[in-house]
Amino acid sequence: IVYEFDSPDLRTGTMYPAMARTMRSVGTQFAAMFAYDMLGTASRNLGWQTHYLNLVYTPRKAMSAIIAAEAMHRLPRMRSYGPYPENTRFGDFHVSADSNLGELVARDAFLYAGSTRAVPPDLTALRRIAGYGSSSTVTYAGEGIYFLDKVRPGVWRLEVYPDAVPVRDPFEMPSPGKIVTRAIGRAWPMTVTLPDLGGGFTVQRVTAGDESTGQAIAGRFTVTPGVYVLSAAGPVDVATLPAYVGNVGFAEYHAPPPDTLPPSVQSLAARQYITGRDAELRARIVAVTAPDSATLFLRPAAGGWYRPFPMRPVGAYEYAATVPAAALREGPHTFVITLFRGDSAITFPAGVRQKPTDWDFDGRASW
C-alpha cells in the first residue's frame, strides 16, 4: 500500500504515470492520492498550498492522474522497465518530460495529457478517448479536458470542460480572494476522426437548458463546455440513451463557478536574448473574449520611442511578436503590450486605457 502520494508544486502531465510505474514495479496493489481540490475552491487552490489537482482547473495534471489509475490496473506487478530513458515506455504507456506528455495508447483506450502524435493500434476497437490537447483522433483548439465514450456503433458521448487559464502562481500562499486559475467557456473548433462516425455526423447537445443540434463538416464542428451526443445516423432519441456511462450520468455535467476578473496579460518572454538574432517575445492574454488585436511596444530602457510590433495568436491564449535583430541593440529593454477591441485600447502591465505612443504615456510600470 502507498499512502499518500502526489507531485507537489507541479502541474505536469508526466509524473503521476511515472510514479504508478514505479509503484507497480515494487508490488504496490493500492495507492492513495494525497489530495484533490473541490470544484468550488479550486480556482484559488485553497486546499493545500503545495498541492493542486482538479479536473477543471488543472486539466493536464488531472488527465495524467487518470492515466496513472489505468497504469495501476493494467501494469503487472514486480516487473522492471529498466533505467532512464528506456523506462519512459512501459506496456501501453509513455511519458515524455520534454513534451510534458503522459499517455496510454491501447486497443480500447486512448488517453493523453498533452498533444501527441501517437496513433491507436485499432481505431475500430476504441471505446474511450480522453485528453488535454490534440491527437490523431481529436483536434481541439481549447485549453480544457474532454472525454469521448462510445455508446454503441456510430454513437459517442462527448463531454467538454472550460479552458483552464493560469493567471497567478497557484503555489503561492493561498487566499480566498486570490484567483490563480480562470475557467473560461469560449467556443472552439474540434475535429473528431473516428471510422464509425465518418465526417458528417450530427452534434447534439444534451446539457440541461441547451439541446441544440448541429452538423459536423469533415469531422469539424464548434463546441462550448457541456455534454454532446455525436451520431453518424442523425439526431438520437434521448430516451434510447443509457442512463449512465460508467458511473457518470449521461447528461451529467458540473460547471465551475463563474469569476469576474478583468483581462490580464502575463509575460512569457525570456529574460535574455542574443544580439544579432531575431527574438520572439510571448505573452498570455487572459480574457473572456479574445482581443481584436494585440501589439507589443518595445524601447531601450535608457529611453526613446516605443516601437510597435504586431502580435499573433500561437495558442488559445498565447500571443507572440517577432522583433527583428536590427531593432534589438545590446542592453536592457522595456516592453508593454496593448490590447485593442473596437475603438478601445488598454496597455499592460499598468492597465492604463491608452497606448504607449500617446504623448503622455509614462510607461513606468513595465516588464
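## Backbone exceptions, helix packing, sheets and a pocket

Aspartate 9 sits in the loop that links strand E1 (2-5) to H1. In this predicted model, the residue makes a friendly starting point for a tour of the backbone, since its phi is near 60°, a positive value in a residue other than glycine. Most residues other than glycine have a negative phi, and most peptide bonds are trans. Two prolines belong in the account of peptide bonds. The bond from tyrosine 84 to proline 85 is cis, with omega near 5°, and proline 85 is found in the loop between H2 and strand E3 (89-90). Phenylalanine 348 and proline 349 are likewise joined by a cis peptide bond, here with omega of about 10°. Proline 349 belongs to the segment after strand E27 (344-348).

The loop of aspartate 9 leads to H1, and the packing of this helix comes next. Two packed helices are described by the angle between their axes and the distance between the axes. For helix H1 (residues 15-25) and H2, the axes come within 7 Å and cross at roughly 20°. Angles under 35 degrees count as roughly parallel, and H1 and H2 are therefore roughly parallel to each other. The crossing of this pair is right-handed.

Turning to the sheets, an open one of 4 strands follows the order E20-E21-E25-E24, with antiparallel pairing. Its edges are strand E20 (264-267) and strand E24 (312-313), each of which pairs on one side only. Inside the sheet, 6 bridges connect E21 with strand E25 (residues 318-323) in the antiparallel sense. Alanine 283 is placed opposite tyrosine 319 of E25.

Another open sheet has 3 strands, ordered E8-E13-E16, and its pairing is antiparallel. Strand E8 (138-140) and strand E16 (220-223) are the edge strands, pairing on one side only. On average, and with direction ignored, neighbouring strands of this sheet are turned by 25° against each other. Strand E13 (residues 188-192) pairs with E16 in the antiparallel sense over 4 bridges; in that pairing, tryptophan 188 has valine 223 of E16 as its bridge partner. In a regular strand the side chains alternate between the two faces of the sheet.

A hairpin adds a further antiparallel pairing. Strand E22 (residues 293-300) and strand E23 (residues 307-310) run antiparallel and are joined by 4 bridges. Leucine 296 has phenylalanine 309 in E23 as its bridge partner. Between the two strands of the hairpin lie 6 residues, and glycine 303 in the turn has a positive phi of about 125°.

What remains is the space between the atoms. Rolling a probe the size of a water molecule over the atoms shows where empty space is left. The largest pocket holds about 670 Å³ of space. It is lined by 26 residues, of which Arg60, Tyr132, Glu143, Arg284 and Glu318 are the closest to its centre. Helix H2 (59-74), strand E11 (163-166) and strand E21 (279-286) are the elements that give two or more residues to this lining. The largest share comes from E11, with 3 residues. By character, the lining residues of the largest pocket divide into 11 nonpolar, 9 polar and 6 charged. The pocket thus brings back elements met above: H2 and E21 both contribute to its lining, H2 as the partner of H1 in the right-handed crossing and E21 as a strand of the sheet ordered E20-E21-E25-E24.

Conventions:
Residues numbered from 1 in each chain as written. Predicted model: local features only at pLDDT ≥ 70, side-chain atom pairs only at ≥ 80, totals over all residues. Heavy atoms only, no water. 1 Å grid on protein atoms, 1.4 Å probe; cavity = no way out; pocket = protein on both sides within 12 Å on 5 of 7 lines; lining within 4 Å. Points joined across faces, edges and corners; volume = space filled by probe spheres on them. Nonpolar A, V, L, I, M, F, W, Y, C, P; charged D, E, K, R; others polar. Pairing = 2+ DSSP bridges. Axes fitted to C-alpha atoms, helices over the stretch in contact; angles between N-to-C directions. Parallel < 35°, antiparallel > 145°, perpendicular 65-115°, else oblique. Left-handed = near helix turned anticlockwise from the far one by under 90°.
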